[in-house]
Amino acid sequence: MYLKRLDIKGFKSFANETEIILEPGINIIVGPNGCGKSNIADAVRWVLGEGNVRQLRGQKNEDIIFNGTDKQKPQGMAMVDMTIDNSDHMLPVEYGEITVGRKLFRSGESEYLLNKSRVRMKDIVNLFTGTGLGKRGYSIIGQGELEQVLNGQAFDRRLILEEASGSIRFRQQRDEVKQR
Ligand code: ATP
Ligand code: MG
């Protein structure tokens with residue numbers, strides 16, 4: 001499984017449709033300060049279901065929509081499509097390629113898509129839980145975050161290990177049963 005492609009439009013500094021093609025193995029993104037490198041990582045977090053806009057370095061949800069520059073007017077919608085190569089079927093679905101999409105309109109309306117079909121956010125979160133790409137995952141480590149993990153509460157560290165081992169899926173299933 002590897003991250004194959006990102007299509008970003010109206011998300012943070014990416015006003016126009018931008019496609020980022022990645023290769024298996026290590027990919028390095030370079031560029032001057034403020035050019036949008038971290039915004040790419042934010043786009044990945046967001047499409048994976050990040051619900052806390054502060055984690056994406058914003059104050060309110062609308063902050064992730066391109067808000068215009070001297071030359072360009074603001075966008076009405078942010079969208080990110082993330083394509084994953086799943087030819088090794090590490091993700092437990094039949095598809096060899098999976099595209100996960102998320103949209104947010106200024107009205108506050110939002111949309112999740114899995115291979116172009118509308119789904120619930122929960123479906124996307126469930127798909128990635130326990131694969132390392134899950135919400136409590138370690139797949140994206142931001143500046144200063146390693147320190148947070150090392151100095152963090154035992155329970156938070158435990159959740160990261162559960163995500164890594166895949167056993168977090170059972171915790172979530174148990175919690176769901178308990179709620180009924
Ligand atoms: P550094 O090398 O300093 O870490 P970077 O390449 O990681 O820089 P980012 O943090 O990804 O840069 O991008 C910051 C830029 O994104 C800023 O110029 C900021 O104005 C712009 N930006 C963030 N949100 C929006 C938005 N909603 N609309 C337009 N521009 C935005
Ligand atoms: Mg940065």
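Threonine 83 has threonine 99 as its bridge partner in strand 4, and I would like to start from that pair, with the reminder that what we are looking at is a predicted model. The pair belongs to the antiparallel arrangement in which strand 3 and strand 4, the latter running over residues 97-105, are joined by nine bridges. Strand 3, residues 77-85, also pairs with strand 1, residues 2-9, again in the antiparallel sense, and here the count is seven bridges. If you want a residue to find on screen for that second pairing, take lysine 9, whose bridge partner in strand 3 is methionine 79.

Let me stay with strand 4 for a moment, as it leads us to helix 2. Which residues of helix 2, residues 121-128, are buried? They are Ile124, Leu127 and Phe128. Looking down the axis of helix 2, you would see these buried residues fall within an arc of 85 degrees, and they therefore line one face of the helix. The general background is that an α-helix has 3.6 residues a turn, so residues three or four places apart point the same way. As for what that face meets, the buried residues of helix 2 pack against strand 4, and also against strand 5, at 110-114, and strand 6, at 117-119. After helix 2 comes glycine 130, which has a positive phi, near 80 degrees.

Now to the ligand. Ligand 1 is surrounded by 14 residues, and the closest of them are Ser13, Asn33, Lys37, Ser38 and Asn39. By character, that shell divides into eight polar residues, three charged and three nonpolar. It is worth setting this beside the record: an unreviewed UniProt entry carries the annotation "binding site" over Pro32, Asn33, Gly34, Cys35, Gly36, Lys37, Ser38 and Asn39.

Two residues from that annotation deserve a closer look. Cysteine 35 sits in the loop that lies between strand 2, at 18-21, and helix 1, at 37-47. Is cysteine 35 exposed or buried? It counts as exposed, because it has 12 C-beta neighbours inside 10 Å, and the cut-off for that class is 12 or fewer. Lysine 37, by contrast, is found in helix 1, and with 15 C-beta neighbours inside 10 Å it counts as partly exposed. Leaving aside residues up to four places away in sequence, lysine 37 touches Ile29 and Gly31. To return to the ligand, lysine 37 is among the closest residues to ligand 1, and the UniProt annotation covers it as well.

How values were computed:
Residues numbered from 1 in each chain as written. Chains lettered and ligands numbered in written order. Predicted model: local features only at pLDDT ≥ 70, side-chain atom pairs only at ≥ 80, totals over all residues. Near = placed C-beta within 6 Å. Nonpolar A, V, L, I, M, F, W, Y, C, P; charged D, E, K, R; others polar. UniProt positions renumbered as here; feature names shortened; annotations may be inferred. Helix = DSSP H or I, 4+ residues; strand = E, 2+ residues; numbered from the N terminus. Buried ≥ 20, exposed ≤ 12 C-beta atoms within 10 Å, placed from the backbone. Contact = placed C-beta atoms within 7 Å. Pairing = 2+ DSSP bridges. Arc of directions from axis to C-beta.
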